[in-house]
Amino acid sequence: MKKDETIERHTISVLVDNEAGVLARVIGLFSGRGYNIESLTVAEVDQAEHTSRITVVTSGTPMVIEQIKAQLDRLVPVHRVMDLTVEAKAVEREMALVKVAGTGEKRVEALRLSDAFRARVIDTTHSSFIFEVTGAPDKIDAFIGLMRPLGLVDVSRTGVVAIARGPEAM
Amino acid sequence: MAAQELTGAEIVIKALVDQGVDTIFGYPGGAVLPIYDALFQQNKIRHILVRHEQGAVHAAEGYARSTGKPGVVLVTSGPGATNAITGLTDALMDSIPIVCLTGQVATHLIGSDAFQEADTVGITRHCTKHNWLVRSAPELARVMHEAFYVATHGRPGPVVIDIPKDVQFEKTEYTASPHITHRTYRPRLKGDIEKIREAVDLIANAKKPMFYTGGGVINSGTVASQLLRELVRLTGYPITSTLMGLGAYPASDKQWLGMLGMHGTYEANNAMHDCDVLINIGARFDDRVTGRLEAFSPHSKKIHVDIDASSINKNVRVDVGIIGDCAHVLEDMLRIWKSKARRPDKAALADWWKQIDIWRDRKSLSYKTNDDIIKPQQAIQRLYEMTKGREVYVTTEVGQHQMWAAQHFHFDEPNRWMTSGGLGTMGYGMPAAIGAQIAHPDALVIDIAGEASILMNMQELSTAVQFMLPVKIFILNNEYMGMVRQWQQLLHGGRYSHSYSDSLPDFVKLAEAYGATGIRAEKPSELDAAIKKMIETPGPVMFDCRVDQLENCYPMIPSGAAHNEMILGDDPDGASVSEEGKMLV
Ligand SMILES: Cc1cc2nc3c(=O)[nH]c(=O)nc-3n(C[C@H](O)[C@H](O)[C@H](O)COP(=O)(O)OP(=O)(O)OC[C@H]3O[C@@H](n4cnc5c(N)ncnc54)[C@H](O)[C@@H]3O)c2cc1C
Ligand SMILES: Cc1ncc(C[n+]2csc(CCOP(=O)(O)OP(=O)(O)O)c2C)c(N)n1
Ligand SMILES: [Mg+2]
């Protein structure tokens, strides 16, 4: 059978028991087996049940993506693995804090553009802004790209979180 | 009424007893002294003192593989734990259930670079199926039972429980039960019935079918071997196995084609290449087996039964992947086969067997003997013939001798053959033989060894002597790291860089120095009498069998080649290694 060598990008949600070392296991799996991590986020989502949700954005051939899911699924503390790219229509969001420094025309232009992106100003001085911008990763990329010539000095991004559309739980 | 309080160390012992453990392999040290103290004060568990922690894990592997039960190891913190790493990795690669208890510095000292502190859970995360650091005694019993569950369910593997010294002293109630329902880890045993139906249809309609079975059948238990035999006989199809699966199907049966892969038989590899339906039961398409992937069994529809979803479509794309336990899936296959009154295509099958017989006639395992020098294959063949009919367990080290053992020693039962397949760990065989002998005190346990490998865990001969274990160490002494030398001959212009076994000890005197018996054979005419003496000598024996130094192990599929591009012993120039192949191991 001919192998499909096209590289696909997938967003994978992993529900895990929030026990010591679980994040290290997931990251160690990716580094140990040479898989890509484009983004990884983690936080506890159910305090009573002690479960955390890890969202990984990764890329690879279809065979590699299938391996990644199977490898994640066999980790002992993993409850469930869901490929949000194929199993469900999903929404993806990322937040970034973007610091832009400058005065005069550039400062005005940065503020005007931030409005178009529905970014919020959360800190301001006479010579700088910090914008909070939320959206799909490519929207954030676009915003950062536009800020670059306008005095971009610092970026901090959360990484992608994602959830399936519709009424069902993961 | 409150239950009686136990110390952490006592809980360890009680949990082991509740799990049905009667033997552990270990080595003491500061961080496990409380557990050793608890061991001293009881008599339900037998402790086998090894001479190196690597030996403890391999011994536990030999115990586990020869019984189907998990092997248990106890070592101290720091160097005790790091010495166990090779054994743990070996067990992970070969899917052997091991529970390894490691001592750790007291909880308040963790992270302070305390004496003999190592980040054991960090280090072993990559070479265990799972691991735990137990931070307080109330967690201990639950973790112990969970550890046994994880090690033995699904695809088996090694687990580590790291127990700080203060936790071993801490008192608490023992409440946990050995029967657990795991929160997250619940591997499925039954295969998807629709897929099994699809598989049975493919199997029934095959013209050139081939069973390819592996270690998963052994992992699944003796029932799986029985069911496999039934299915294979019902169909009348040919069967081969990986190195790890030898014995699941009887080697004496006429449908058996011998091992496949890099050093597999001509008939097994050619049948793999030409078959139209490939039925993989519990094997993992390892690179020693597939050779060049693009050329691997190119015309076949492939069925793969494996308990681990990640084994399916990892290296080779299959048409029907069935996630489940071998015994469960085989049972369903047989039921469906019988209920539909399936019958194989007799005419096609007869043609297929005719072709296979032509390959068989090539006699790819043949070798030439002479009066002056013992051929290594000959030594194994004599060993096999002279021990036939006894309850024999064979372990090996790693190298040419391992492959010759796989080719020329034949197994009719599962769990009789123990070898380091995935990691290829020199030094595995003698401790593994010790573990097998502990489990089967009256059996004949033989480690087929190389002179280089045996030196890697030589110290364990002392363990065999202490516990009066009559293991037989049968060394094929070719004075070379033969497998390395063979590759240097074939791939590196015969430049034997550092592969000569210089300054070898006198193995007979060495055996005697340990308090064991040493035997040597140098001529073919001495072989049988010497083997007889080895079998009849009580206690551990080390047999120095001097063999042809430059013999190569054939058949061989060179790295990067296809199954139908084998090098045969009587035609060693028949194939060559490509530049690409040289990059491969
Ligand atoms: C020097 C050297 C040369 C070698 N040459 C060869 C060679 O020529 N031929 C050869 O075959 N090997 C050879 N090997 C061994 C090789 O490296 C592999 O270890 C071996 O081929 C793997 O065997 P396996 O596919 O049966 O898998 P194993 O490693 O035994 O894995 C078992 C598989 O079964 C699955 N499984 C486990 N339990 C169950 C269950 N209950 N139900 C269903 N599935 C289960 C597992 O998930 C896994 O996928 C060599 C090794 C060395 C050191
Ligand atoms: C721990 C370890 N180190 C190195 C190797 C690489 N290696 C594979 S086979 C071999 C030579 C084994 O020599 P010997 O035990 O004499 O066996 P022979 O091949 O001669 O039968 C070596 C060095 C290995 N498999 N394991
Ligand atoms: Mg040798």
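Helices (H or I, at least four residues) and strands (E, at least two) are DSSP runs, numbered from the N terminus. With that in hand, let us walk through the model. It is a predicted one, in which local features need pLDDT of at least 70 and side-chain atom pairs count only at pLDDT 80 or more, while totals for chains, interfaces and linings use all residues. Residues are numbered from 1 along each chain as its sequence is written, chains are lettered from A and ligands numbered from 1 in the order in which they are written, and side-chain values use heavy atoms, with hydrogens and water left out.

A good place to start is Gly258(B), which sits in strand 11 (residues 256-259) of chain B. This glycine has a relative accessibility of 11% and counts as buried; buried means under 20% relative accessible area, exposed over 50%, and partly exposed in between, with a 1.4 Å probe and protein chains only. From Gly258(B) to Gln381(B) there are 123 residues in sequence and 15 Å in space, C-alpha to C-alpha.

Now turn to ligand 1. Its shell holds 36 residues, with Gly215(B), Thr242(B), Arg284(B), Asp306(B) and Asp325(B) coming nearest; a residue is near a molecule if one of its heavy atoms lies within 4 Å of it. Gly215(B) places a backbone N or O atom 2.7 Å from an oxygen atom of the ligand. Thr242(B) uses an N or O atom of its side chain, again with an oxygen atom of ligand 1 as partner, at 2.7 Å. A nitrogen atom of ligand 1 has a backbone N or O atom of Ile307(B) at 3.2 Å. On its own, ligand 1 exposes 990 Å², and the protein buries 96% of that; such areas come from the Shrake-Rupley method with a 1.4 Å probe, and for residues only the protein chains shown count as cover.

Which elements give two or more residues to this shell? They are helix 10 (215-220), helix 13 (287-290) and helix 17 (400-408) of chain B. Helix 10 gives the most, with four residues. By type, the shell around ligand 1 divides into 13 nonpolar, 16 polar and seven charged residues. Here Ala, Val, Leu, Ile, Met, Phe, Trp, Tyr, Cys and Pro count as nonpolar, Asp, Glu, Lys and Arg as charged, and the others, Gly among them, as polar.

Ligand 2 is next, with 17 residues around it, the closest being Gln400(B), Gly424(B), Ser453(B), Tyr480(B) and Gly482(B). Oxygen atoms of ligand 2 pair with the backbone at several points. A polar backbone atom of Gln400(B) is 2.8 Å from an oxygen atom of the ligand, a backbone N or O atom of Tyr480(B) also lies 2.8 Å from an oxygen atom, and for Ala452(B) the distance is 3.1 Å. The protein covers 77% of the 590 Å² of accessible area that ligand 2 has alone. Helix 17, helix 19 and helix 21 of chain B each give two or more residues to the shell, which divides into eight nonpolar, eight polar and one charged.

Tyr480(B) leads us on to the magnesium ion (ligand 3). Its protein donors are two OE atoms of Glu451(B), OD1 of Asn478(B) and O of Tyr480(B), lying 2.1 to 2.8 Å from the ion. Donors are N, O and S atoms within 2.8 Å of the metal (3.2 Å for Na, K and Ca), and water is not among the atoms, so sites may look incomplete. Why is the arrangement irregular? The six donor atoms around the ion subtend angles of 51 to 173°, which makes it so. Glu451(B) lies in helix 19 (residues 451-454) and Asn478(B) in the loop between strand 18 (472-477) and helix 21 (482-491) of chain B, so the pair ties together parts that are 27 residues apart in sequence. Glu451(B) is buried at 1% relative accessible area, and Asn478(B) is buried at 6%.

Finally, some backbone details. Most residues other than glycine have a negative phi, and most peptide bonds are trans. The bond from Tyr554(B) to Pro555(B), however, is cis, with omega near -5°. Arg118(A) has a positive phi of about 55° and is exposed, at 75% relative accessible area. His498(B) has a positive phi of about 55° too, and is exposed at 74%.

Conventions: Tetrahedral: all angles 85-135°; square planar, octahedral: opposite > 155°, others 65-115°. Polar contact = N/O pair within 3.5 Å; in protein donor to acceptor, adjacent residues only side chain to side chain.
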